[in-house]
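This report goes through one protein model, from its overall make-up to its cores, surface and charged pairs. The sequence and structure come first.

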Amino acid sequence: MGVKGFVEGGIASIIAGCSTHPLDLIKVRMQLQGEASASTQMQTLRPALAFHPPNNTTNAHVPVAPRVGPVAVGVRVVRQEGVAALFSGISATVLRQTLYSTTRMGLYDMLKKKWTDPNTKNMPLGKKIVAGLIAGGIGAAVGNPADVAMVRMQADGRQPAAQRRNYKSVVDAITQMSKNEGVTSLWRGSSLTVNRAMLVTASQLASYDEFKEMILAKGLMKDGLGTHVTASFAAGFVAAVVTNPVDVIKTRVMNMKVEPGAAPPYNGALDCAMKTIKAEGPMALYKGFIPTISRQGPFTIVLFVTLEQVRKLLKDF
């Protein structure tokens, strides 16, 4: 009940995070599409049911840059920045998984063992969800600095060369943020990170256990690779649907640039959500959903398949 759960979860999370990092980078780039012109669009877009303005109006419609899909985003990144750009911020991913995922996986394992009925060996779904909420919230609070650094490093390539932050590594990113923006900047968007992590952990870990138990109880498959892959993919889909809106807002709040003496682009999560919806429509909260599910599916599969294998290797410890 001690260190073992943290070690198993940490190893599986780092492997899963590194193997799916390019998909995560594409997701971040897609979530930021259309953001630059958001404030301008807000001033010019009319309500959906408003009458057309007179022809002599000076309030001309501002053209919006076309939104492209995940494949096009990936191809553009490779063409403009090189193949290595797909792994921008991977050092931050390793640190994030080490801090955030190791903590959440270990705590969830502890709570699961503590709350499982010793007679039936079952844990009610409600308790699984509560365990996920607690573990995810604590893990996110611990790993937020690495999360901010990862988002910034992944998004940096979309900026003009003169405006890029050009962090050399996650250590350099955290050092520069602390020096230039204050230590509190390392926890920018932490409320969103915590909320998202609580939802991710509760939906991902709880649903994986629930799907796995259901498959085994109904005799659909034996406890093996097929069961692990099926349950983990289903868990990844559930997690993607539940968390994508929070993830979009989190990405934008973390990535925003605050100029000295100027008002920040967003005054918190709610303000960011409202500005995003007004400027780009409600479905903007599901920007990057295809790469999110494309990343969440493989990530969850690699995570749980690796976790099951690591558990077998460490079963005698």
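A residue is called buried when its relative accessible area is under 20%, exposed when that area is over 50%, and partly exposed in between. By this cut-off Glu280, with a relative accessible area of 11%, is buried. The model discussed here is predicted.

## Overall make-up

The protein chain has 11 helices and 0 strands. Read from the N terminus, its elements therefore run α-α-α-α-α-α-α-α-α-α-α, where each α stands for a helix. Of the chain's 317 residues, 46% count as buried.

Contacts between residues at least 6 apart in sequence show how the chain is joined up: 79% of them link residues at least 24 apart. The protein chain exposes about 15,400 Å². Carbon and sulfur atoms supply 66% of that area.

## Nonpolar cores

The largest nonpolar core has 19 residues. Tyr108, Leu303 and Phe304 are the residues with the most contacts inside this core. Two or more residues each come from α1 (3–19), α5 (90–115), α6 (125–155), α8 (190–217), α9 (225–255) and α11 (289–313). Another core, of 12 residues, lies apart from the largest one. Among its members are Met150, Tyr167, Val170 and Ala173.

Which residues does Phe304 touch, not counting residues up to four places away in sequence? They are Gln204, Leu205, Tyr208 and Ser232.

## Helices α1 and α2

Helix α1 holds both Val3 and Glu8. Val3 is exposed, because its relative accessible area is 62%. Together with Val7, Ile11 and Ile15, Val3 makes a nonpolar surface patch of about 320 Å². Glu8, in contrast, counts as buried because its relative accessibility is 6%. Leaving out residues up to four places away in sequence, Glu8 touches Leu307, Val310, Arg311 and Leu314.

Helix α2 (residues 21–31) is mostly covered, with 10 of its 11 residues buried. The buried residues of α2 include charged side chains such as Asp24, Lys27 and Arg29. Also buried in α2 are His21, Pro22, Leu25, Ile26, Val28, Met30 and Gln31.

## Val242 in helix α9

Val242 has its place in helix α9. Is Val242 buried or partly exposed? At 37% relative accessibility, Val242 counts as partly exposed.

Along the chain, Val242 and Val200 are 42 residues apart, while their C-alpha atoms are separated by 7.6 Å. Val242 is in contact with Leu199 and Ser203, once its neighbours within four places in sequence are left aside.

## Salt bridges

Side chains of opposite charge can pair when their charged atoms come close. In the whole structure, 19 salt bridges are found. One of them pairs Glu181 with Arg152, and the closest N and O atoms are 2.8 Å apart. Glu181 lies in helix α7 (residues 170–181) and Arg152 in helix α6, so this pair ties together parts that are 29 residues apart in sequence. The two partners have unlike exposure: Glu181 counts as partly exposed at 31% relative accessibility, whereas Arg152 is buried, with a relative accessible area of 0%.

Glu280 forms a salt bridge with Arg252, the closest N and O atoms being 2.7 Å apart. Because Glu280 lies in helix α10 (residues 269–280) and Arg252 in helix α9, the pair ties together parts that are 28 residues apart in sequence. Both Glu280 and Arg252 are buried. The side chain of Glu280 also meets that of Lys287 in a salt bridge, at 2.4 Å from N to O. Lys287 is buried as well, with a relative accessible area of 8%. Elsewhere, salt bridges that share partners join Asp24, Lys27, Arg96, Asp147, Arg196, Asp247 and Lys250 into one network. Two members of this network, Asp24 and Lys27, are among the buried residues of α2.

Terms used
Residues numbered from 1 in each chain as written. Predicted model: local features only at pLDDT ≥ 70, side-chain atom pairs only at ≥ 80, totals over all residues. Heavy atoms only, no water. Core = buried A, V, L, I, M, F, W, Y, C linked by side-chain atoms within 4.5 Å. Buried < 20%, exposed > 50% of the residue type's maximum accessible area, 1.4 Å probe, protein only. Helix = DSSP H or I, 4+ residues; strand = E, 2+ residues; numbered from the N terminus. Contact = heavy atoms within 4.5 Å. Patch = residues over 30% accessible without salt bridge, like charges linked within 9 Å, V, L, I, M, F, W, Y side chains within 5 Å. Areas by Shrake-Rupley, 256 points an atom, 1.4 Å probe, with all protein chains shown as cover. Salt bridge = Lys/Arg side-chain N within 4 Å of Asp/Glu carboxyl O.
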